[in-house]
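User: I'm new to reading protein models. Could you walk me through one, feature by feature?

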Amino acid sequence: MIVMLLALTALQCYADDYTFYVVDELVYKINSEEDRTATVVRVDESCSPQFGGDKEIPQKVIINSKTYTVTAVGMNAFENHSRLTSITIPNSVTSIGNWAFKNCDGLTSVTIGNSATANCFPYAFWDCKNLTEINVNPENANYSSINGVVYDKNASTLILCPNKKASITIPNSVTSIGNYAFMNCSELSSITIPNSVETIGDYAFKSCSRLSSITIPNSVTSIGRSSFEYCVGFTSITIPNSV
């Protein structure tokens, strides 16, 4: 016998000692009754096949007549939802789990609020093949974005380039290209690295298949492992004596 308890707009269900609530198209888990916070854990299975388009995660959600603040997006929450074209993550969200939007092939644009903390990248948007821009609220204390590319707050480390970017000129403020920063950027064909860059991280340009050449400036002293693995379009690379 299946009992479905409908409380306002929230559908309550039980699994693995957790209680989940369906509100509109999303499934939530309550983090704290005291603080009234909740996490988006997945898309409701009943609407999953057609879930897509431009979506905005709500800042507040009503569950059992109580209002909760949405503070997190869980691991794998939107994974493989290829019809999703854009997502807006509100200011209330501080945490975005690993692979939260993995393989969302239709996703082209992401807007991130002012509260997202460190360690949200690069895994949250892993292998989103058509992602062209990630825009971060200017008031975010941890991240910044320039032309849709994600940097740390001071733009000294390039953290993540969206997979669909075809060309990029890295600003002179950047001293480090982070691990996985350009991984799977299969459309990238042109890149300019300034003399300010000192380190290139692990797997930084892995699988950049359209990149045919790259000039590494004399300022670079370190190149991480597998940085250019599977760059099958390479015809030339210049590595300076400083490395």
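Analyst: Sure, let's start with confidence. This is a predicted model, and its mean pLDDT (the predictor's confidence in each residue, from 0 to 100) is 91, with 92% of the residues at 70 or more. Local features here need pLDDT of at least 70 and side-chain atom pairs count only at pLDDT 80 or more, while totals for chains, interfaces and linings use all residues. Residues are numbered from 1 along each chain as its sequence is written, and side-chain values use heavy atoms, with hydrogens and water left out.

User: Where does pLDDT stay under 50?

Analyst: Where pLDDT is low, the predicted coordinates should not be read in detail. Here that applies to residues 1–9, where pLDDT stays under 50. The model has 11 contacts (heavy atoms within 4.5 Å) beyond four places in sequence for this stretch.

User: How do I read a sheet, and in what order do the strands of the open sheet come?

Analyst: Strands of a sheet pair through backbone hydrogen bonds, either parallel or antiparallel. Strands are DSSP runs of E, at least two residues long, numbered from the N terminus, and two of them pair if DSSP finds at least two bridges between them. In this model, 6 strands make an open sheet with mixed pairing, in the order β13-β14-β15-β17-β19-β21. β13 (143–146) and β21 (222–223) are at the edges with a single partner strand each, so one side of each has no neighbour in the sheet.

User: Can you show me some pairs?

Analyst: Take β14 (residues 149–152) and β15 (residues 157–160): they run antiparallel and are joined by 2 bridges. Tyrosine 151 has leucine 158 in β15 as its bridge partner. For the parallel sense, look at β9 (residues 84–89) and β11 (residues 109–112), paired over 4 bridges, with isoleucine 112 in β11 as the bridge partner of isoleucine 89. β11 also pairs with β12 (residues 133–136) in the parallel sense, over 4 bridges; there, valine 110 stands opposite isoleucine 134.

User: What about salt bridges: how many does the count come to?

Analyst: A salt bridge is a side-chain nitrogen of Lys or Arg within 4 Å of a carboxyl oxygen of Asp or Glu. The count comes to 8. One of them joins glutamate 33 and lysine 66, whose closest N and O atoms are 3.8 Å apart. This pair links distant parts of the chain, 33 residues apart: glutamate 33 is in the loop between β4 (26–32) and β5 (37–43), and lysine 66 is in strand β8 (residues 66–73).

User: Do loops have backbone details to look for?

Analyst: Try two angles. Arginine 36, in the loop between β4 and β5, has phi near 55 degrees, a positive value in a residue other than glycine. In the loop between β11 and β12 you'll find proline 122, and the peptide bond from phenylalanine 121 to proline 122 is cis, with omega near 0 degrees.
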